[in-house]
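Hi,

Here is the structure I said I would pass on. Have a look at it first, and my notes follow underneath.

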Amino acid sequence: MQYWLMKTEPDECSIDDFAATPDQVIRWDGVRNYQARNFMRDMAIGDEVFIYHSSCAKIGIAGIVRVTRTAYSDPTQFNPESAYFDKRSKPDNPRWDAVDLKFMRKFARILTLDELKNVAELADSPLIQKGNRLSVIPFSKVERDSVLVKV
DNA sequence: GCCAACGTTGGC
DNA sequence: GCCAACGTTGGC
């Protein structure tokens, strides 16, 4: 079992979108950063993922989802209609991957970025480092547990 | 809306 | 393979 955090703008996809369809998977596509993609390729079925709301009024961790399908070719990269279209990606050698996720839990409140900055166990996480734009971040069990006790 | 930080691109 | 220019992320 591994632990992760994924950033999302809640206007695009929020913990409420997962909670609204708890029996359905949501495809996490549109990741266009190699480091983030490589982390997605390390995900296993059952891994827990913190959902982090960014670029919004209430920034922070909103809940947990679970990986239900490991990395596969992200279909949006081949769709010219998609905002995530990548004309340089070839079907016989796709650049970008998606995973499928399913709702686990919505926190009673958002764990705000300000709070997370004060969690000693997260001091070394890219999550709270200024200027870090990594959208898929691995969490150790210690880091994950340090978040859960705050809920 | 601003802008610092950072990743990617492409000319050389 | 260097690096300037550019585009994007994301907190504020």
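**Inside the protein**

Keep in mind that this is a predicted model. Searching it for enclosed space gave 1 cavity of 30 Å³ or more. The largest cavity holds about 30 Å³ of space.

What lines it? Going round the wall of the largest cavity, you meet Y3, W4, E48, V49, F50, I64 and R144. By residue class, that lining splits into 5 nonpolar and 2 charged, with no polar residues. Two elements each put at least two residues into the lining of the largest cavity: strand 1 (3-8) and strand 3 (48-53). Strand 3 gives the largest share of that lining, at 3 residues.

**Around the DNA**

Now to DNA strand B. Which residues surround it? They are N33, Y34, R88, R95, K130, G131 and R133. The protein surface near DNA strand B is made up of 4 charged, 2 polar and 1 nonpolar residues.

I also checked which parts of the DNA face the protein. Taking the atoms of DNA strand B within 4 Å of the protein, 75% are sugar or phosphate atoms, and the rest belong to bases.

On the base side, have a look at R133: one of its polar side-chain atoms sits 2.3 Å from a base oxygen of DNA strand B. R133 is also one of the residues that surround DNA strand B, so to speak of a place to begin, you could open the view there.

Cheers

Note on methods:
Residues numbered from 1 in each chain as written. Chains lettered and ligands numbered in written order. Predicted model: local features only at pLDDT ≥ 70, side-chain atom pairs only at ≥ 80, totals over all residues. Heavy atoms only, no water. Near = heavy atom within 4 Å. Polar contact = N/O pair within 3.5 Å; in protein donor to acceptor, adjacent residues only side chain to side chain. Nonpolar A, V, L, I, M, F, W, Y, C, P; charged D, E, K, R; others polar. 1 Å grid on protein atoms, 1.4 Å probe; cavity = no way out; pocket = protein on both sides within 12 Å on 5 of 7 lines; lining within 4 Å. Points joined across faces, edges and corners; volume = space filled by probe spheres on them. Helix = DSSP H or I, 4+ residues; strand = E, 2+ residues; numbered from the N terminus.
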